[in-house]
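Please look over the structure below before reading on. The notes after it go through a few of its parts.

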Amino acid sequence: MNPRERYFDNAATTPMDPRVLEAMLPFLLERFGNANSQHSFGAEAWEAVEHARTQVSRLLGAEDPSQIVFTSGATESNNWVMRSFPSGWVSPFEHSSVLEPAQMQGFQMLPNNGLELGSPAARTDLVSCMAVNNEIGAQWDPGQFVGLGAKVHSDMTQAVSKVQTSLSGLDYVSFSAHKLYGPKGVGALYIRDGSLTPMIAGGGQENGLRSGTLNVAGIVGMGAACERARLEFRTNLDHAYALNGIVLEEMRGLADCQANGGARRSPYILSLSFRGVEGEALVVDMDARGYAISSGAACSSRSTEPSHVLVALDMPEDWLRGTVRISFGRFNTVDQTAQMAKTLRQCVEKLRTMT
Ligand code: PMP
């Protein structure tokens, strides 16, 4: 059995697809050129980067590959956009890499009624709304903010390659390679009309928008991962629905258990709350039995602060504390998922008898 089968934290990161590694290896070894050098070593690296840009733009559905700028990941892409505008409104459900820079800029929070988002209450330069939430899998259409006279940004880190997305009317879209079986430390920002203040000044790479010697192997890996994801979109989506259904079925009839995220949610992320159980204890218990699940977003789950996402939903404390996230991926099997779900139920029942 492959250990990847017991890994149910694919929203934190995914294992790299061996086919992606294969595409990257030559660019770490014999084809090591700097993509901006004039000689043929440089030219082959440049060509590989441009090929990857096309692969990424195809998956995203961009009009032109030049709209894709490579970054170090979604955190950088999000920070870049937030820091480029004097005023803005952001959804309360955003990832910390949107929320923190937005707070630093003095941006306002969009009003919400449960999962439903309201419009900005004043004229603004930017609205940011994620497409899929990383903790509960809830989906929004950032297109609802198009036409308000503001630029619209969407963090699609948990959406690209997973659910149907649309760029229609959007100005900026962020995402990362390592959530779609690519390498860590590489991501992209879609910029519709090429207008954004450069994030990093220097050698003028990426049309002067993001200087620094290109991470050629990483970019090639991101391109290969996007190409696989585009070709295998439907198969992977059906698989995620099937696995999600298996876990929900296993939880059926279990007292004080609820699935979060509303009616419209990604099948790749299943947030479950077990009232009266400590989510952290559940994660530790599951880990001891060989299964990786999470008690929140990987980036915030080491803190003891309650999740801002669950707080924005007004979830009562005893439900909030008992929340875990199961996130599915291509390498999880039906058998292991059924086993994991049984184990999870047993752990919940055991922890309940101990309190
Ligand atoms: N946005 C969302 C919705 C995410 O889930 C993540 C990763 N947890 C990020 C942004 C940040 O991505 P990265 O760590 O690759 O920069």
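This report covers the ligand site, one helix and three loop residues.

The model is predicted: local features need pLDDT of at least 70, side-chain atom pairs count only at pLDDT 80 or more, and totals for chains, interfaces and linings use all residues. Residues are numbered from 1 along each chain as its sequence is written, and side-chain values use heavy atoms, with hydrogens and water left out.

**The ligand site**

The ligand is surrounded by 15 residues. A residue counts as near when one of its heavy atoms lies within 4 Å. The closest are Thr75, Asp155, Ser176, His178 and Lys179. By class, this shell holds three nonpolar, 10 polar and two charged residues. Here Ala, Val, Leu, Ile, Met, Phe, Trp, Tyr, Cys and Pro count as nonpolar, Asp, Glu, Lys and Arg as charged, and the others, Gly among them, as polar. Helix 3 (residues 74–82) gives the largest share of the shell, three residues. Helices (H or I, at least four residues) and strands (E, at least two) are DSSP runs, numbered from the N terminus.

Three side chains place a polar atom by the ligand, as the table shows.

| Residue | Ligand atom | Distance |
|---|---|---|
| Threonine 75 | oxygen | 2.6 Å |
| Threonine 157 | nitrogen | 3.4 Å |
| Histidine 178 | oxygen | 2.7 Å |

The protein covers 87% of the 400 Å² of accessible area that the ligand has on its own (Shrake-Rupley method, 1.4 Å probe).

**Helix 6**

Helix 6 spans residues 233–251, 19 in number. From first C-alpha to last it reaches 27 Å, close to the 27 Å expected at 1.5 Å a residue. That expected span is 1.5 Å times one less than the number of residues. Its buried residues (under 20% relative accessible area; exposed is over 50%, partly exposed in between; 1.4 Å probe, protein chains only) are Phe233, Asn236, Leu237, Ala240, Leu243, Asn244, Val247 and Met251. They lie on the same side of helix 6, because they cover an arc of only 130 degrees around the axis. The arc is taken from the directions from the helix axis to the C-beta atoms. Arg234 and Thr235 are exposed on the face turned away from the buried side.

**Loop residues**

Glutamate 206 sits in the loop between strand 9 (187–191) and helix 5 (216–231). Its phi is positive, near 50 degrees. At 8% relative accessibility, glutamate 206 is buried. Asparagine 207 is in the loop between strand 9 and helix 5. Asparagine 207 has a positive phi of about 55 degrees, and its relative accessible area of 71% makes it exposed. Most residues other than glycine have a negative phi.

Arginine 31 is in the loop between helix 1 (18–28) and helix 2 (40–60). Arginine 31 is partly exposed, at 31%.

Notes
A polar contact is a pair of N or O atoms within 3.5 Å; within protein, one must be able to donate a hydrogen and the other to accept it, and residues adjacent in sequence count only if both atoms are side-chain atoms.
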